[in-house]
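Visitor: I have a structure open in front of me and would like to learn how to read it. Could we walk through it together?

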Amino acid sequence: MKYLVKIIDVKSTDELEGAWNNDDFKELLARFEYPDAEQLKTTELKEYLFMAISDFEPNEAAAILLDYKLSDVLNEGQIDNLSHEMLRVKVSENYTEISLHHDLFNINQLLYKAYNGKFPLAKANIVQFEIAGEDNAPVEITKETALKALSYGLSESNLINRLLGDQLEGRAPFPEAEGIVWDLQNTGNRVYSITISEKWINKNDFTNPEYECTVQLFEELNEED
């Protein structure tokens, strides 16, 4: 499929909107042994959670958050290891399971703010782009399609282009796309946005703001073969 792509904007952020809600804050307050969360105003929940978190050792707090968010996919030993590792490295960029990077980012950033920078600062980028078919018609875009289309505008040294060439060119399946792209939004009028770790894409990676490209899916390539 051929597309016309135009990069509109790339914004950096250290906190993702909607990552945590009031129910999360109340449950976490209970886990951090704050007894009266139900008595707090909704505007106070986050502030009191930060105070409750700071009463714990950083690795203990990390373990509580990891257990809350990821106990269905991580065992006790993995949680313990990660709770210590998070103090040294950006686990949302380096953990082997890419599918967990989004949750690890949100956990890390909550801890970063609660401890006033004791945890590493991780950042994400929100890339807004316009994409249309050859005839300028609207198209439905998936996370895989978005990454493949955007890769054409990125420098050769970009990490996605360096590590995932076979996937980008359709010579191999691309399940990693679901974990690399944390969020994909269709905002209308052929405009989409993706949320992605700065590890994978940052503003300086874009060498071409407007271009044509051909996206090849793995299944399509095999059918032709």
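Guide: Gladly! Let us begin with one side chain: Leu 74 has a relative accessibility of 6%, so this leucine counts as buried, the cut-off being under 20%. Keep in mind that we are looking at a predicted model.

Visitor: Where is Leu 74 placed, and which residues does Leu 74 touch beyond those up to four places away in sequence?

Guide: Leu 74 sits in the loop between α3 and α4 (76-85). Setting aside residues up to four places away in sequence, Leu 74 touches Ile 79, Leu 82, Tyr 95 and Leu 100. Take Leu 100: the two leucines are 26 residues apart in sequence, and their C-alpha atoms are 9.9 Å apart in space.

Visitor: What share of the contacts with a separation of 6 or more comes from residues 24 or more positions apart?

Guide: Such pairs account for 70% of those contacts in the chain. For the overall picture, 45% of the 225 residues count as buried, and the C-alpha trace spans about 60 × 35 × 30 Å along its principal axes. The secondary structure comes to 11 helices and 5 strands.

Visitor: Let us turn to the strands. In what order do they lie in the sheet?

Guide: To read a sheet, follow the strands by their neighbours. Here the 5 strands form an open sheet in the order β3-β4-β2-β1-β5, with antiparallel pairing. β3 (181-188) and β5 (210-214) are the edge strands; each has a single partner, so one side of each has no neighbour in the sheet. From one strand to the next, the twist averages 30 degrees.

Visitor: What packs on the sheet?

Guide: Helix α7 (residues 143-151) does, touching β1 (2-13), β2 (124-133), β3, β4 and β5. The direction of α7 makes about 90 degrees with that of β3.

Visitor: How many bridges join β3 and β4?

Guide: These two strands pair in the antiparallel sense over 6 bridges, with β4 covering residues 191-197. You can trace the register by eye: Leu 184 stands opposite Ile 194 in β4, and Gly 188 stands opposite Val 191 in β4. The hairpin of β3 and β4 has 2 residues between the strands, and Asn 189 there takes a positive phi near 55 degrees. As a general reading aid, side chains in a regular strand alternate between the two faces of the sheet.

Visitor: And helices? Which residues of α2 are buried?

Guide: With a helix, it helps to look down the axis. In α2 (residues 45-53), the buried residues are Leu 45, Leu 49, Phe 50, Ala 52 and Ile 53. Seen that way, they fall within an arc of 165 degrees, so they line one face of the helix. Those buried residues pack against α1 (22-31), α3 (58-70) and α6 (101-114).

Visitor: What about a charged residue such as Glu 93: buried or exposed?

Guide: Glu 93, in helix α5 (residues 91-94), is buried yet has no salt bridge. The nearest side chain of opposite charge, Lys 90, is 4.2 Å away, while the salt-bridge cut-off is within 4 Å. Apart from neighbours within four places in sequence, Glu 93 is in contact with His 101, Ser 197, Glu 198 and Lys 199.

Visitor: One last polar residue: what does Gln 167 touch, not counting residues up to four places away in sequence?

Guide: Gln 167 touches Lys 148, Ala 172, Pro 173, Phe 174 and Glu 176. This glutamine lies in helix α9 (residues 165-168) and is buried, with a relative accessible area of 12%.

Technical notes:
Residues are numbered from 1 along each chain as its sequence is written. This is a predicted model: local features need pLDDT of at least 70, side-chain atom pairs count only at pLDDT 80 or more; totals for chains, interfaces and linings use all residues. Side-chain values use heavy atoms; hydrogens and water are left out. Two strands pair if DSSP finds at least two bridges between them. Helices (H or I, at least four residues) and strands (E, at least two) are DSSP runs, numbered from the N terminus. Axes are lines fitted to C-alpha atoms, for helices over the stretch in contact, and angles run from 0 to 180 degrees between N-to-C directions. Contact means heavy atoms within 4.5 Å. Buried means under 20% relative accessible area, exposed over 50%, partly exposed in between (1.4 Å probe, protein chains only). Lys and Arg count as positive and Asp and Glu as negative; His and the chain ends are not counted. The arc is that of the directions from the helix axis to the C-beta atoms.
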